[in-house]
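Visitor: I'm new here and would love a tour. Could you show me what we're looking at?

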Amino acid sequence: MKPAAVKEPSMVRQKEMLADHFKKLATAKARGDKVVYTFVPGNLTELMLSFDALPVHPEINALQSGMRKLSGEYIAEAERAGHSEDVCAYVKCDIGMLLKGNVGPTGEKLPEPDLLLLSYTGCFTFMKWFELLRERYRCPVAMLHVPYQEGGRITPEMRAYVVKQLETEVIPKLERATGKSFDLDRLRELLARSSRAEDDLVWVLESGKNRPSPIDAYFGGVYYIGPLFTAFRGTEAAIDYYRLLRGEVEGRLARGEGPITPEGSIDAERFRLVVEGPPNWTHFREFWKMFYDEGAVVVASTYTKVGGVYEGGFRHDPARPLESLADYCLGCYTNLDLPTRVDMIARHVEEYSADGFLINSIKSCNSFSAGQLVMQREIERRTGRSGAFIETDLVDPRYFAPSNVRTRLESYFQMLAQGRPLARAAGAAP
Amino acid sequence: MKCFVGIDLGSTTTKTVVLGEDGAVLGRGITNSRSNYDVACAVARSEALVDTRFHLFQNALRESPDLDSHAAWFLDAVRRAFRLEQHQRLLDELEETCRVHAESLGAVAPSVLACLAGMFEDLREEAAGLFASGAPARSDFFRDLAGSRFTALAEAHGKRRGVRPDLLIGLYDKSIIPVENRPPEGDLQDLLGKAVETALDGCTMSERWRDEIAWTAQRAAGISLVEVRTVGTGYGRARLPFPKEQIRSEILCHGLGAHAVFPGTRTVLDIGGQDTKAIQVDERGLVKSFQMNDRCAAGCGRYLGYIADEMNLGLHELGPMAMQGKHPVRINSTCTVFAGAELRDRLTMGQKREDILAGLHRAIILRAMSLLARSGGVFEQFTFTGGVARNEAAVRALRELVAENYGERTINISPDSIYTGAFGAALFALREERGEELAQPRVAPGEEEAA
């Protein structure tokens, strides 16, 4: 390990972008700006921005609270209010934050929503979550029902169904909430900018195919997807951010450097992994350290597809504005069926030359966790590489047992190392 | 003589295995992990080295056709004499420590000291019986052996002298920790020599044979043991006093150890103090996949320890009692804390202790079955390792549930199952020394036993 890492300009830029966004949110009501609460998977950021509405993402606030060690307190508050221990920890963290004054991750109060925009993409809990918020805020809800993508393909009927709802349900409600008329040309401009930023993000994520990988596509990846999966897609700021990020990754690649970690860049890449599932946020650094201490680099992850999936060539398309928004919602990771997820992970294991894959299963997140053990077996069968399975939680600090997780990871890494000389002896690639 | 050491620093017990250059097991040592992992590690290691001396002594006796026939009973006598001497020394230390604490008790100090004197006299007198030929094993550890009798004697002696028993028991609680945590003195060899003398004094052989045996013992004791390499594993592995490169995960060690003892092994179940592991290995003993309990230690070995405490039984007594159960009670919860309440409730309802215990054993195996299923299932052959594999009621429940869920499987259980992790660690040490990709060490004769 090299000495402590200097923050790269893109990290500083992202922090400034977020601070600026939360400042705008804090002063939104005073300026008369409208606020829309929405979720990350299959988000409709460009559509919201075309109405000058400011998005708030409750699950991002929850994970930020987790990283700032506030989630335990918020969850306790929600449990006092009657929410069960087994409910999704994101929901309880958000409800708890709300009950404690709705102060956001930057210390500024979040504005109340003018609209709850629910892009329903495979997570039933999201619907219940917004029911709870609707009770609290007494504001309108726009519900976009996105059909589950069974069979790994989007049919014309599915697309048409979503487009129709955008036209008849979502856009009219955005118009009513913001007092503005829908402007298709503006949406097209935003989508064109999205596409440019998306190209750079995809390049960055695919740089994990190099050996050594210049990025960590899980612990670093969650930062990389930040602007594009939240409030910034379709903005010049996002284009600038991703250009900057790509330049940095290109530099690391040219110099043969590994990913940056909180303790410097990884000099010796020992293990290449694909990771399925969200990270644990309450012990994010500690969890990450368990990987980089062993020289383990995540070369691809499914969590970086949680907002939307770009592989296969999808980009937001100004020529097909509502259709491409529909495709984005339909294609997001949580809306994919198990065989498609298995295909994706197995493909990543091969294409990114991974030594194995790890599933971080979240007990309170059924939309991710259901079927993961079955997925593990199938991916192992197809790739011939072993998977590891650990269980943690999103933001409930009570469900992260560091010594257990460390034991499993160490065992897994040693298992991979143990298999190597034999693989060489058998004539396989080292 | 070169040897290779594996240490498994578990949450409940610490085990050490010493291997020779040919991979044969030379010695094993075990101690309770206590609050000080460093001492536990040192004690287990010393015990294993002493056991190695026994092994060398046994080999030396067997080399002589005349002495071979005496080897088994004589070694048993030496072992018992050794354990007794060791126990007596620890009693001395415990008494001294208790006395120091008692002297600061003010007005009651004289009565307490008098009680202690009487109690330790009784403990010394009883000690010979604990290590007599054919005496049933209650525990491997001084803490358990001395502790249970101390409690009983505190009642009797306290009553006689008007001293509250809890005051005396408090002295034991304060004293046992420093006594346990005192690093072992370097005099185990000396103890071994004394044990040989004691055993010789107790036998009726002619002077010539006695001299021959004494000389053989001396020769075995004189062999220099060179610890070439040590590998550590287990929960406390981070505390082991050697570099990270010499540390292996329990998963790998149990996998390799189980496969080396039973080469047909493909699935391994290890129930340890605070974790249960289901491991799949390939034909070379390499781990292919594994599952462990997560976030909660319900249904692990400590559960049984807790139940034993609740029932005021020794850990070794649980299995035999559960085997007496004719109608096992269905118990679903494996929460260790709830188990105590469930136990009391069911006793109140008039259910038999034997039936409740049988149900508790089945409950922990049911949880292990879930892990096995998650790891991919139970394949032929199936090896059960860890301390709980010595519990016959747990083994019975496992056999039933494996047959129910997977059909007929060969279930292997080594009498030394508790040492599997340490054995695997020692194999890694040997393997590194040999520069082999996978060691195929020979297992000590008599170690293999398909149960």
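Guide: Happy to, and keep in mind that this is a predicted model. In chain A, 78% of the contacts with a separation of 6 or more are between residues 24 or more positions apart.

Visitor: What is the matching percentage for chain B, again among contacts with a separation of 6 or more?

Guide: The count again takes contacts with a separation of 6 or more, and asks how many join residues 24 or more positions apart. For chain B that share is 73%.

Visitor: What radius of gyration does chain A have, and what would a compact globule have?

Guide: Chain A has 430 residues, and its C-alpha atoms fill a box of roughly 70 × 50 × 40 Å along the principal axes. A compact globule with that many residues would come out near 22 Å, and the value for chain A agrees with this: 21 Å.

Visitor: And what is the radius of gyration of chain B?

Guide: The C-alpha trace of chain B spans about 65 × 65 × 45 Å along its principal axes. With 451 residues, a compact globule would be near 22 Å. Chain B agrees with that, at 23 Å.

Visitor: How many helices and strands are there in chain B?

Guide: For chain A the tally is 18 helices and 10 strands. For chain B it is 14 helices and 9 strands.

Visitor: What percentage of the residues in chain A is buried?

Guide: A residue goes down as buried if 20 or more other C-beta atoms lie within 10 Å of its own. In chain B, 45% of the 451 residues pass that test. In chain A, with its 430 residues, the buried part is 52%.

Visitor: Which stretch of chain A has a pLDDT below 50?

Guide: Chain A has a mean pLDDT of 93, and 96% of its residues reach 70 or more. The stretch you're after has 8 contacts in the model beyond near neighbours in sequence. It is residues 421-430.

Visitor: How far apart are the end C-alpha atoms of helix α1 of chain A?

Guide: That helix runs over residues 9-26, which makes 18 residues. At 1.5 Å a residue it should span 26 Å, and the model agrees, with the end C-alpha atoms apart by 26 Å.

Visitor: Within what arc do the buried residues of α1(A) fall?

Guide: The buried ones are A:S10, A:Q14, A:M17, A:H21, A:F22 and A:L25. An α-helix has 3.6 residues a turn, so residues three or four places apart point the same way. Seen down the axis, the buried residues of α1(A) line one face of the helix, because they fall within an arc of 125 degrees.

Visitor: Which residues on the other side of α1(A) are exposed?

Guide: First, the buried side: what covers it includes α2, β1, β2, α10, α11 and α12 of chain A. On the other side, the exposed residues are A:V12, A:E16 and A:K23.

Visitor: Is A:Y292 buried or exposed?

Guide: A:Y292 sits in helix α13 of chain A, residues 284-292, and touches A:T261 and A:I266, leaving aside residues up to four places away in sequence. There are 22 other C-beta atoms within 10 Å of A:Y292, so the verdict is buried.

Visitor: And A:R138, is that one buried or exposed?

Guide: A:R138 lies in the loop between α7 and β4 of chain A, and has a positive phi of about 55 degrees although it is not a glycine. It has 8 C-beta neighbours inside 10 Å, so A:R138 counts as exposed.

Visitor: Where does A:P212 lie?

Guide: The peptide bond from A:R211 to A:P212 is cis, with omega near 0 degrees. As for its place, A:P212 is in the loop between α9 and α10 of chain A.

Visitor: Which element gives the largest share of the side of chain B that touches chain A?

Guide: The contact takes 18 residues from chain B and 21 residues from chain A. On the chain B side, the elements giving two or more residues are α8 and β7. The largest share is 6 residues, and it comes from β7(B).

Definitions and conventions:
Residues numbered from 1 in each chain as written. Chains lettered and ligands numbered in written order. Predicted model: local features only at pLDDT ≥ 70, side-chain atom pairs only at ≥ 80, totals over all residues. Helix = DSSP H or I, 4+ residues; strand = E, 2+ residues; numbered from the N terminus. Buried ≥ 20, exposed ≤ 12 C-beta atoms within 10 Å, placed from the backbone. Contact = placed C-beta atoms within 7 Å. Rg over C-alpha atoms; globule rule 2.2 N^0.38 Å. pLDDT = per-residue confidence, 0-100. Expected span 1.5 Å × (residues − 1). Arc of directions from axis to C-beta.
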